[in-house]
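The following exercises examine a protein chain step by step. Please consult the sequence and the structure shown here before reading each solution.

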Amino acid sequence: MGERYTVIGHPNSRAMRIIWMLEELGLDYDIQPEQPRSEAVRRLNPSGKIPLLKVNDDVLIDSVAVVTYLADRHNCLTMKAGTIPRAIQDSFTQFCVDEVEGPLWTAAKNSFVHPEELRVPEIKRVCRAEFAWAMETLAIRLGDNEFVMGQAFTVPDLLLGHCAIWARAAKFELPGGVVGDYFDRVLARPALKAAKERAASARAA
Ligand SMILES: N[C@@H](CCC(=O)N[C@@H](CS)C(=O)NCC(=O)O)C(=O)O
C-alpha cells in the first residue's frame, strides 16, 4: 500500500507547490487548508508556517524539502542523488529559492505579512530590481533548453513555475523571450491545471 499524503496549508500559499507535485506524480492526497499560525499548524511546526506534508504519521515542513522528498521517493522529476546532474539540478533549485523567491518573499513580507510598523515599503524597488537580474541570469542559464535540465521537467522547473505565478499575482514584471516562452511551457503542464482544480475545490469546502 502507498503512503497516505495530506497537504496542510491554504492552497494560496507555497502549498500549491506540493499539490502540483503530487499531481505530477499521479498520487492520491487530501488537502487540509489551514492558515499560517493556526493552532493545528503550530502543533506541527514551531514557526507556524505553511505548508506541511503529512506522510502517514510523519510531518514534513518546507516546500522545497517536501517536493524534493517526493521526487526522490517516487523516482520522478529528478536526477539521481549523488550525481553531477543532480548537483546541477539542486543548484537551479537553490537559485530559485535565493534569487527568484527571495525578492518575491521580501516584497510580500513588506506588503502584508509583517506587522505594519515593521514594513519598509521602499524595499520593493530593490526586490523588483533583484527579480529582474534573476530573470537575466535564468535566460543565460536556460539557453536553448526546453527545461532547466534539458528535455526533462524536474523539481526546479516546478518551483520556478510557481514563482512565475506568484510574480504575476504580485505584479512583478515577467520577461518575454526565452524566459517568457519557458514559463509558458512550464505553466502549460496538465498537472498544474489539475492542481488548480483541486485547490479550488479545497477552498470551496
Ligand atoms: N521555507 C518555507 C517557507 C514557508 C512560508 O514562509 N510560508 C508562508 C506562506 S507561503 C507563511 O507561512 N507565512 C506566514 C508567516 O511568515 O508568518 C517553505 O518553503 O515552505
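**Exercise 1. Determine the strand order of the open sheet and identify its edge strands.**

Solution. The open sheet has 4 strands in the order β2-β1-β3-β4, and their pairing is mixed. Strands here are DSSP runs of E with at least two residues, helices are runs of H or I with at least four residues, and both are numbered from the N terminus. Two strands pair if DSSP finds at least two bridges between them. β2 and β4 (58-61) each pair on one side only, which makes them the edge strands. β3 and β4 run antiparallel and are joined by 4 bridges. Within this pair, Val-55 stands opposite Asp-58 in β4.

The model is a predicted one, in which local features need pLDDT of at least 70 and side-chain atom pairs count only at pLDDT 80 or more, while totals for chains, interfaces and linings use all residues. Residues are numbered from 1 along each chain as its sequence is written.

**Exercise 2. Establish whether helix α1 is largely enclosed, and state what covers its buried residues.**

Solution. A residue is buried if 20 or more other C-beta atoms, placed from the backbone, lie within 10 Å of its own, exposed if 12 or fewer do, and partly exposed in between. In α1 (residues 15-25), 10 of the 11 residues are buried, so the helix is largely enclosed by the rest of the structure. Among the buried residues are Arg-17, Trp-20 and Glu-24. Their cover includes β1 (5-8), β2 (30-32), β3 (52-55), α3 (63-74), α6 (155-169) and α8 (190-204). Contact means that the C-beta atoms of two residues, placed from the backbone, lie within 7 Å. After α1 comes Gly-26, with a positive phi near 70 degrees.

**Exercise 3. Classify Ala-200 as buried or exposed.**

Solution. Ala-200 is located in helix α8. Because Ala-200 has 11 C-beta neighbours inside 10 Å, it counts as exposed.

**Exercise 4. Describe how domain 1 and domain 2 meet.**

Solution. An automatic or database domain assignment supplies the bounds: domain 1 is 5-77 + 191-204 and domain 2 is 84-188. Their centres, taken over C-alpha atoms, are separated by 20 Å. In domain 1, 10 residues are in contact with 9 residues of domain 2. On the side of domain 1 that touches domain 2, α1 and α3 are the elements that give two or more residues.
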